[in-house]
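Below are some notes on the model, set out as numbered points. They follow the strands, the helix, the cores and the aromatic rings in turn.

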Amino acid sequence: MKKYIIFFMSVLFVVFLAACGEKSKDDVLEKLESTADKMNAYQTQALMTLQTGNEEQAYRIEVTHKKKDFYRVLLKNEQDEESSQIILRNKEGVFVLTPALNKSFKFQSEWPDNKSQPYLYQSLIQDIKDDSEATFTSTDDYFVFETRTNYESNSNLPYQTIYFDKKTYAPVLVKVLDNDKKSMVEVEFTSFEFDPELPEDTFNMEKNMTSSIFGVPTMAQEDLPSELQIFYPAEQLGAELVEENRMETENGDRVMLSYEGERNFTIIQEMVTSYPTSAQSSELVNGDPVDLGFTMGAMSETTLEWQYNGINYYLASEDLTKQEMIDVATSIHQTAEK
């Protein structure tokens, strides 16, 4: 009888140790999925820093999500508040708003589905699910995953490291890594609230176009640059500038730069028009929102359009890949006027 008692106690002790042991990768993933499925909404504050060339760009981010498909992402540029933008998804579609200019793009897009978004909770969980080779470690305070990313337009950022709080399962930090495992984008979450009470107009487009959301007044036409300052890409992918056409429009100067080589492309630069609130309308774009590091752009298969410092940029090419278009675009703002 004594032997049976000792055996029984040993089994209980082993079971107790197993119950008190560290959670496995599958355990944590299951809990993350359960947490995401049960909540009806969340709101989070974060700081996103991006290494773009020799400069570091910083954004204050506020993400508001309502189950299932409503999103509002406020992107406040720390260096240039007038370039602050909003990514909005509501029942009308997907929009990128620039409240200071009272301008918006409407996308024919399924954003944020099927692409990595380092500041969206469900996207981080989906990336873990999709990567069967994702690694998992546990520290005193965090569950840590390293996964592959899913950036269709940026193959230079193939990895990410994701930290979740062990008590709440909220995201704490995301590091997006290049091929050498160097951190190029970091999203540090400063707060994360599950199931907050949200005003009914949280995802209303007209409400989000008001200046009060960023504390930045709507830019009047006279506040825009008076002259078109032309910028040229440092990254030309072997092409050369063969033609520069300048013309006058109702909004001011417009310039078209034509590059020819193994990969041909054209860049158009012109003044941005600031619209009165009553005249605001969305420009329809066939493509997806893309983060250029300094602003959000609108990308299709052969074009990339963005606004920065009162100038509208339009890049078109039948030869460039999406990644190459991004490389050309970002290099424009790393150079001075020719």
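1. Strand β5, residues 93-98, is mostly covered in this predicted model: six of its six residues are buried. Its pairing on either side is taken up in the next two points.

2. On one side, β5 pairs with strand β4 (residues 85-90) in the antiparallel sense, over five bridges. The connection between β4 and β5 is a hairpin of two residues. Within this pairing, Val-94 of β5 has Arg-89 standing opposite.

3. Strand β6, residues 103-107, also pairs with β5 in the antiparallel sense, and here too there are five bridges. Leu-97 has Ser-104 in β6 as its bridge partner. The hairpin of β5 and β6 has four residues between the strands, and Asn-102 in that hairpin takes a positive phi near 55°.

4. Further along the chain there is an open sheet of seven strands with antiparallel pairing, in the order β12-β13-β14-β19-β18-β17-β16. The edges are β12 (240-249) and β16; each has a single partner strand, so one side of each has no neighbour in the sheet. On average, neighbouring strands of this sheet are turned by 20° against each other, direction ignored.

5. At the β16 edge, β16 and β17 pair over four bridges in the antiparallel sense. One bridge there links Pro-289 with Ala-298 in β17.

6. Gly-252 belongs to strand β13, residues 252-260. With a relative accessibility of 24%, Gly-252 counts as partly exposed, because the cut-off for buried is under 20%. Leaving aside residues up to four places away in sequence, Gly-252 touches Met-247 and Met-271. Glu-270 is 18 residues from Gly-252 in sequence, and their C-alpha atoms are 7.3 Å apart in space.

7. What lies across this sheet? Helix α5 lies across β14, β16, β17, β18 and β19, and runs at about 25° to β18. The helix spans residues 322-332 and is mostly covered, with ten of its eleven residues buried. The buried residues of α5 include Met-325, Ile-326, Val-328, Ala-329 and Ile-332, and also Lys-322, Gln-323 and Glu-324. Among the elements that cover them are β14 (265-271), β16 (288-291), β17 (296-299), β18 (303-308) and β19 (311-316).

8. On the nonpolar cores: the largest has 43 residues, and the members that touch the most others are Leu-32, Met-48, Ile-61, Val-73, Tyr-119, Tyr-121 and Phe-164. For Ile-61, contacts beyond four places in sequence are Thr-44, Gln-45, Ala-46, Met-48, Val-73, Leu-74, Leu-75 and Tyr-119. Apart from this core lies another, of 28 residues, with Ile-267, Phe-294, Met-299 and Leu-320 among them.

9. How many aromatic pairs are there? The count comes to 15. One of them is Tyr-259 with Phe-265, which is stacked, at 4.7 Å centre to centre and 15° between the planes. Tyr-259 counts as buried, with 2% relative accessibility, and Phe-265 counts as buried at 2% as well.

10. Why does the pair of Trp-306 and Tyr-313 count as stacked? The ring centres of Trp-306 and Tyr-313 are 5.2 Å apart and the planes are at 5°, so the pair is within the limits of 6.5 Å for the centres and under 30 degrees for stacking. Trp-306 is buried, with a relative accessible area of 0%. Tyr-313 counts as buried too, at 2% relative accessibility.

11. One aromatic cluster is formed by Tyr-42, Tyr-121, Phe-136, Phe-143, Phe-145, Phe-164, Tyr-169, Phe-192 and Phe-194. Tyr-121 and Phe-164 were listed above among the core members that touch the most others. Tyr-169, a member of the cluster, also has the charged end of Lys-31 over its ring, 5.8 Å from the ring centre.

12. Lys-181 and Tyr-159 give another arrangement of charge and ring. The charged end of Lys-181 sits over the ring of Tyr-159, 4.6 Å from the centre of that ring.

Definitions and conventions: Residues numbered from 1 in each chain as written. Predicted model: local features only at pLDDT ≥ 70, side-chain atom pairs only at ≥ 80, totals over all residues. Heavy atoms only, no water. Core = buried A, V, L, I, M, F, W, Y, C linked by side-chain atoms within 4.5 Å. Buried < 20%, exposed > 50% of the residue type's maximum accessible area, 1.4 Å probe, protein only. Contact = heavy atoms within 4.5 Å. Phe/Tyr/Trp six-rings, centres within 6.5 Å; stacked < 30°, edge-to-face > 60°. Lys NZ or Arg CZ within 6 Å of the ring centre and 35° of its normal. Pairing = 2+ DSSP bridges. Axes fitted to C-alpha atoms, helices over the stretch in contact; angles between N-to-C directions.
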